[in-house]
Amino acid sequence: APSTALALPPMNCNSFGCFPEAAMPGGGAAVVESRRAEPPAATASPPPVVSKSSPRAMEVARALKEKGVVFYGAYWCGFCDGERQGLGQDAMKLVQYVECDPGGKGGNPSRCAAAGVEAYPTWVVPDGARNEGALGIEGLARLAGLPSSAPAPALPIKGNQAAPPITGESTRQARTLAAALSRRGAVMFGTYWCPYCDAQRQIFGKYAWERVPSIECDPSGVDAEPFLCRSVSVTAYPTWIIPAPKGSNPETTPPTVVGGLQTLDQLEALLAPPKVPPKIPQDSAQRRAEASRGATDGPSDVAPIPVAAECEDCKLPRKL
């Protein structure tokens with residue numbers, strides 16, 4: 001189940017979503033987003049709901065409303081948007097939604113904190129029980145107390161959601177780094193709604209970012225390639241995958257995979273070739289000791305000295 005904590009601490013992200021690092025349900029493999037940027041301060045709205053509501057979605061939405069279930073989320077959360085798109089336009093009008101990000105339109109973080117919300121999306125029933133993560137239509141039906149039913153076929157969503165425009169100019173360092181990343185074949189995987197992906201783009205500036213290979217992982221984003229993201233096991237946004245230098249042995253030098261927002265200096269360090277420790281020359285005494293040890297490793301031309309029990313007069317070693 002997907003999510004993100006209100007204070008935006010380091011998170012574990014899996015195929016269901018992003019959770020605070022201290023709690024990752026499901027036990028799946030995860031990538032830790034270790035570095036964070038502050039989310040945008042400007043007021044923003046979630047993506048528009050473009051799908052039509054199915055009869056099942058309307059039934060579920062009415063049941064959720066009657067039961068008093070509240071949907072807590074964030075405008076930039078792709079998993080929250082998946083819940084909205086799954087319900088559709090008319091059904092979402094019946095669902096009580098609370099925006100938890102202070103930068104979102106109508107944001108009410110204090111209400112979210114009072115409800116104990118720690119992840120997005122979170123569905124809270126009147127008795128205070130919280131259900132974290134994207135539940136889908138049938139999961140919401142169970143939450144509302146409806147009998148199970150075959151899921152309605154999902155309507156395709158046209159990928160028309162674009163990332164925020166890049167407003168800053170590119171520094172010389174950013175332009176040089178962008179060219180180096182492109183030559184190496186590095187790729188940044190992200191989403192249009194991820195504030196840390198946007199912060200990564202803004203660090204490069206408009207000119208340089210046009211030269212950085214990047215993949216949109218959200219199906220509703222422009223030119224999205226979600227299957228490619230899954231094929232390389234991307235589980236956090238942003239994620240950088242940087243191939244090893246040319247000529248490296250792929251068995252001993254795999255690609256570098258790092259999750260989270262990176263500075264230009266950190267990316268330059270990831271591109272730098274691994275440091276090989278210098279070979280320390282042996283001093284003459286060490287060489288002589290090794291040579292002395294090596295001299296006794298082969299056959300000897302001196303007969304062994306017999307033990308006292310075998311002779312009365314132990315003789316000196318003699319030549320063979």
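The legends below describe close-up views of a predicted model.

**View 1. Helix 6 and its length.** Helix 6 comprises the 13 residues 172–184, and at 1.5 Å a residue these should span 18 Å, which agrees with the 19 Å that separates its end C-alpha atoms. Just after helix 6, glycine 185 adopts a positive phi of about 90°.

**View 2. The two sides of helix 6.** Ala174, Leu177, Ala178 and Leu181 are the residues to look for here, each of them buried in helix 6. Seen down the helix axis, the buried residues of helix 6 fall within an arc of 105°, so they line one face of the helix. This can be read against the general geometry of an α-helix, which has 3.6 residues a turn, so that residues three or four places apart point the same way. On the other side of helix 6, Arg172 and Arg183 are exposed. The cover over the buried residues of helix 6 includes helix 7 (195–204) and helix 8 (206–209), together with strand 10 (239–242) and helix 10 (264–271).

**View 3. The open sheet of four strands.** The strands of this open sheet follow the order 5-4-6-7, and their pairing is mixed. Strand 5 (96–99) and strand 7 (130–132) stand at the edges and have a single partner strand each, so one side of each is left without a neighbour in the sheet. On average, and with direction ignored, neighbouring strands of this sheet are turned by 25° against each other. Helix 2 (residues 78–87) packs on the sheet, where it touches strand 4 (70–73), strand 5 and strand 6, and the direction of helix 2 makes about 140° with that of strand 4.

**View 4. The pairing of strands 6 and 7.** Strand 6 (residues 122–124) and strand 7 run antiparallel and are joined by three bridges. Within this pairing, valine 124 has arginine 130 of strand 7 as its bridge partner.

**View 5. Strand 8 and its two partners.** From strand 8 (residues 187–190), Val187 and Phe189 point one way while Met188 and Gly190 point the other way, and all are buried. In general, the side chains of a regular strand alternate between the two faces of the sheet. Strand 8 runs antiparallel to strand 10, to which three bridges join it, and in this pairing phenylalanine 189 stands opposite threonine 239 of strand 10. With strand 9 (residues 214–216), strand 8 runs parallel, again joined by three bridges, and here glycine 190 stands opposite glutamate 216 of strand 9.

Terms used. Residues numbered from 1 in each chain as written. Predicted model: local features only at pLDDT ≥ 70, side-chain atom pairs only at ≥ 80, totals over all residues. Heavy atoms only, no water. Helix = DSSP H or I, 4+ residues; strand = E, 2+ residues; numbered from the N terminus. Expected span 1.5 Å × (residues − 1). Buried < 20%, exposed > 50% of the residue type's maximum accessible area, 1.4 Å probe, protein only. Arc of directions from axis to C-beta. Contact = heavy atoms within 4.5 Å. Pairing = 2+ DSSP bridges. Axes fitted to C-alpha atoms, helices over the stretch in contact; angles between N-to-C directions.
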